[in-house]
Amino acid sequence: MKIALDALGGDFGAKPNVLGALKALKHNPQLEVVLVGDEGVLRQELSAQGRPVLPKRLSIVHAPETINMDAEPAKECRQKKNASIVVCANLVRTHQADAFVSAGHSGAAMVAALFGMGRIKGVLRPAIATPMPTYRGVSLLLDGGANADCKPIHLLQFAVMGSTYMQKVFDIPAPSVGVLSIGEEETKGNMLVKHTVPHMRKIGVNFRGTIEGRDVNTGETDVIVCDGFVGNIVLKLAEGLARTMINLIKREVKKRPLAMLGALLSKGAFKAVKNHTNPDVYGGAPLVGVNGVAIIAHGRSNQTAILHAIETAARLVEKDFIGDVGAKMAALAPTFEQIEKSLHEEN
């Protein structure tokens, strides 16, 4: 199995990508990794890590161009055919790689995946599916920001793809699904929620109803469905709140000598909580709905995050995630068509 890695993507350049790739090769003897990026830079980083000669199962594809973070992603991907993220997607399209991973520009990753690999037949909108650490384990929130405006049919498809992901990656036989809303009553919510909820029980997912924002981190459902505008706000709010709480605890502990002692005694518990909530261990966010495995890692990914993103990509390939989603979309095509017809009549 071969994974293409956007080896210069992310805030920290080549180093975490190269180290993450080397770790992945060590963990999985069946894996091959293709480093995609400026070959001179990558070889220099490999030499700095004591690897002047390419290790077995590691190769380089030269891609000298990079995506401008301030530019419009679609325009950049069209104009820069040799940009690393574009080359990664094309390697998957031409079957020279089985999946790709990037910690670079997330918008460009989506555009490159759509341009290079297309959509799974029947999928109307791909979504960014983001693992969220919860009190009970981990939930999957989608869309995490790929689609600011959605229709009910998009949320229904997100529910199917999210359920499939949780089955494949987290081995949950019948993942529970909730629609994010402003109340537990299914009559509450905006028009998108109100038009989506009545059809959720028609598509074969384990639908538990609507959930509120306070339920996101409790793990009330395995899959949380919303539009990308709401989803991205939820993700950024959770990230900021976690960082603020940690800083507040540190600040208050330092003010109290006895609290310092308690903190030392609780070091193991704090470490366990940090590990559970560490996004690096969840393998990035898959772009579900495109016709190939694509993992979007956080821009600040370290070597551990890159390692887990590569391992998640490999798992999705091994479990035939794309084939499974395609089969479900084909089976549900008549249902989706009927739902769209009824939604059109409602409007």
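Let's start at N17. Setting aside neighbours within four places in sequence, N17 is in contact with L5, D6, A7, L8, G9 and I306. Keep in mind that this is a predicted model.

Where does N17 sit? It is found in helix 1, residues 14-27. Buried or exposed? N17 is buried, because its relative accessible area is 1%, and the cut-off for buried is under 20%. The side chain of N17 also has a partner: it reaches the backbone oxygen of G13 at 2.9 Å.

N17 takes us to the cavity. A search of the whole structure finds one cavity of 30 Å³ or more. The space in the largest cavity is about 30 Å³. Which residues line the largest cavity? G9, G10, D11, F12, G13, P16, N17, A103, G299, S301 and I306. So N17, G13, G9 and I306 come up again here: G13 offers the backbone oxygen, G9 and I306 are contacts of N17, and the lining includes each of them. By class, that lining divides into four nonpolar, six polar and one charged.

Next, the pocket. The second largest pocket holds about 250 Å³ of space. Fifteen is the count I would write down: of the 15 residues that line this pocket, V92, H95, D98, N291 and G292 are the closest to its centre. Three elements give two or more residues to that lining: helix 4 (84-93), helix 11 (303-318) and helix 12 (321-346). Which helix gives the largest share of the lining of the second largest pocket? Helix 12, with three residues. The class split for this pocket is eight nonpolar, four polar and three charged residues.

Now the packing. The largest nonpolar core has 66 residues. Inside this core, L35, M200, I203 and I310 have the most contacts. Helix 6, residues 152-170, supplies the largest share of this core, ten residues. Apart from it lies another core, of 30 residues, including V36, A97, A112 and L287.

Take I310 from the largest nonpolar core. What does I310 touch, not counting residues up to four places away in sequence? I3, L5, G20, A21, A24, L31 and V101. L5 is one to mark: L5 is touched by I310, and L5 is also in contact with N17.

On to the loops. T134 lies in the loop between strand 6 (130-133) and strand 7 (138-142). T134 counts as buried, because its relative accessibility is 4%. The C-alpha atoms of T134 and D215 are separated by 9.2 Å. Along the chain, those two residues are 81 residues apart.

Last, backbone geometry. Most residues other than glycine have a negative phi, and most peptide bonds are trans. Here are the cases to look at.

A cis peptide bond joins L142 and D143, with omega about 20°. D143 has its place in the loop between strand 7 and helix 6.

R57 is not a glycine, yet has a positive phi of about 75°. Where is R57? In the loop between helix 2 (39-48) and strand 3 (58-62). R57 is partly exposed, because its relative accessible area is 31%.

D171 also has a positive phi, near 55°, in a residue other than glycine. D171 is placed in the loop between helix 6 and strand 8 (176-180). Its relative accessible area is 48%, so D171 is partly exposed; exposed would need over 50%.

That's the tour. Questions, please.

Notes
Residues are numbered from 1 along each chain as its sequence is written. This is a predicted model: local features need pLDDT of at least 70, side-chain atom pairs count only at pLDDT 80 or more; totals for chains, interfaces and linings use all residues. Side-chain values use heavy atoms; hydrogens and water are left out. On a 1 Å grid over the protein atoms alone, a cavity is a set of points where a 1.4 Å probe fits but cannot get out, and a pocket is an open set with protein on both sides within 12 Å along at least five of seven lines; lining residues have an atom within 4 Å of a point. Grid points are joined across faces, edges and corners, and a volume is the space filled by probe spheres set on the points. Ala, Val, Leu, Ile, Met, Phe, Trp, Tyr, Cys and Pro count as nonpolar, Asp, Glu, Lys and Arg as charged, and the others, Gly among them, as polar. Helices (H or I, at least four residues) and strands (E, at least two) are DSSP runs, numbered from the N terminus. Buried means under 20% relative accessible area, exposed over 50%, partly exposed in between (1.4 Å probe, protein chains only). A polar contact is a pair of N or O atoms within 3.5 Å; within protein, one must be able to donate a hydrogen and the other to accept it, and residues adjacent in sequence count only if both atoms are side-chain atoms. Contact means heavy atoms within 4.5 Å. A nonpolar core is a set of buried Ala, Val, Leu, Ile, Met, Phe, Trp, Tyr and Cys residues joined through side-chain atoms within 4.5 Å.
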